[in-house]
Amino acid sequence: MLNFEDIEGRDSVRLSWNRFIQNLPPVSYKPATCNPPCCAVLNPYRQIDIRGKLRICPFCLTRNAFPPHYKDIPNTDLPPELLPKYTTVEHTLSRPAQAPPVFLFVVDTFGLITFGTMTQVHELGYVECSESYVFRGGKEYTQERIQDMLGLSTTTRSAPLAGQPMPQQASGAARFLLPVQQCEFQLTGILEALARDPWPVANDKCALRTGVAVNVAVGLLEVWQ
């Protein structure tokens, strides 16, 4: 079994499909999948029987025969998708997909986090100008620290003094999470102004800090009601 901590140390995050592939060129064949209805793609977490030409799916535990292009592989020369060091493999298909991909979004409430070397949480509820909170991509933050920096912890939330009216500006998590009809103008402006990450990154390194972005998103959602 692969060591998750080692994988995270190499790929930056456990969600390895969010990482740019740096050292492995695309393979020129389609991925092998488990039998229907499972259809899981062959990956380094499977068990294989080279002598019997079989593989065991780690999701449904079904035994599947090797595909034709695997039939003569030796145990010392496995294809990339079977090697633990390649948790992400890009396949180049010889024929185009029969149907284009379909993306379906059912959206009620919007929030926006952009990330590269830094992670930015955009305050969509602030209408005077574009405002965001910046987190360093290489630093670890606790949920309490994230909420404190965003002004969402119980110690940083400010209440109006007695006799004062409630402020018109959005407060709490509603500063960051709003119905689309209330933040369409701010959201469109932010997306139109997005630019390439200005921070320099070495050629063999990945600038994406997906782990920090996901961690910040969780911290924000924990206080959303």
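**Exercise 1. Find what packs over helix α4 in this predicted model, and check the length of the helix.**

Solution. Start with the cover: the elements over the buried residues of α4 include β5 (113–115), β6, β7 (132–136) and α2 (143–149). Next, list the residues being covered. In α4 they are Thr210, Val212, Ala213, Val216, Gly219 and Leu220. Finally, test the geometry. The expected span of a helix is 1.5 Å times one less than its number of residues. For the twelve residues of α4 this gives 16 Å, and the end C-alpha atoms are 16 Å apart, so the two values agree.

**Exercise 2. Repeat the analysis for helix α3 (residues 180–193), and locate its bend.**

Solution. Take the length as your opening step. With 14 residues, α3 should span 20 Å; its end C-alpha atoms lie 18 Å apart, which agrees. Then look along the axis: α3 bends by about 35° at Gln186. Gln186 also belongs to the buried residues of this helix, together with Cys183, Leu187 and Ile190. To finish, ask what lies over them. The cover of the buried residues of α3 includes β4 (109–110), β6 (118–122) and β8 (178–179). Notice that β6 has now turned up in the cover of α3 and in the cover of α4.

**Exercise 3. Place Asp197 in the fold, and classify its exposure.**

Solution. Walk along the chain: Asp197 sits in the loop between α3 and α4 (210–221). Now classify it. Its relative accessibility is 28%, and partly exposed covers the range between 20% and 50%, so Asp197 counts as partly exposed. As a last step, compare sequence with space. Asp197 and Met118 are separated by 79 residues in sequence, while their C-alpha atoms are 8.5 Å apart.

**Exercise 4. Describe the three-stranded open sheet, from strand order to twist.**

Solution. Begin with the order, which is β1-β2-β3, with antiparallel pairing. The edges come next: β1 (47–49) and β3 (63–65) each pair on one side only. Then consider twist. Ignoring direction, neighbouring strands of this sheet are turned by 25° against each other on average. Now zoom in on one pair of strands. β1 and β2 (residues 54–56) run antiparallel and are joined by three bridges. Within this region, Asp49 stands opposite Leu54 in β2.

**Exercise 5. Classify the aromatic pairs Phe66 with Tyr70 and Phe135 with Tyr141.**

Solution. The structure holds three aromatic pairs, and two of them are worked here. For Phe66 and Tyr70, the ring centres are 6.0 Å apart and the planes meet at 80°; edge-to-face needs over 60 degrees, so this pair qualifies. Phe135 and Tyr141 also form an edge-to-face pair, with 5.2 Å from centre to centre and 90° between the planes. Now check burial, for which the cut-off is under 20% relative accessible area. Phe66 and Tyr70 are both buried. At 0% relative accessibility, Phe135 counts as buried. Tyr141 has a relative accessible area of 11%, so this residue is buried as well.

**Exercise 6. Examine the backbone at Pro37, Cys39 and Leu61.**

Solution. Recall the usual picture: most residues other than glycine have a negative phi, and most peptide bonds are trans. Go through the sites in order.

- Pro36 and Pro37 are joined by a cis peptide bond, with omega about 5°. Pro37 lies in the loop between α1 (4–11) and β1.
- Cys39 is not a glycine, yet its phi is positive, near 60°. Its place is the loop between α1 and β1, and at 41% relative accessibility Cys39 counts as partly exposed.
- Leu61 is likewise a non-glycine residue with positive phi, about 65°. Leu61 belongs to the loop between β2 and β3 and is exposed, with a relative accessible area of 62%.

**Exercise 7. Sum up the whole chain: its elements, burial and contacts.**

Solution. Count the elements: there are four helices and eight strands. Put them in sequence order and you get α-β-β-β-β-β-β-β-α-β-α-α. Turn to burial: of the 225 residues of the chain, 28% count as buried. For the contacts, consider those with a separation of 6 or more; residues 24 or more positions apart account for 61% of them.

How values were computed. Residues numbered from 1 in each chain as written. Predicted model: local features only at pLDDT ≥ 70, side-chain atom pairs only at ≥ 80, totals over all residues. Heavy atoms only, no water. Phe/Tyr/Trp six-rings, centres within 6.5 Å; stacked < 30°, edge-to-face > 60°. Buried < 20%, exposed > 50% of the residue type's maximum accessible area, 1.4 Å probe, protein only. Pairing = 2+ DSSP bridges. Helix = DSSP H or I, 4+ residues; strand = E, 2+ residues; numbered from the N terminus. Axes fitted to C-alpha atoms, helices over the stretch in contact; angles between N-to-C directions. Bend = angle between axes of the 7 residues up to and from the residue. Contact = heavy atoms within 4.5 Å.
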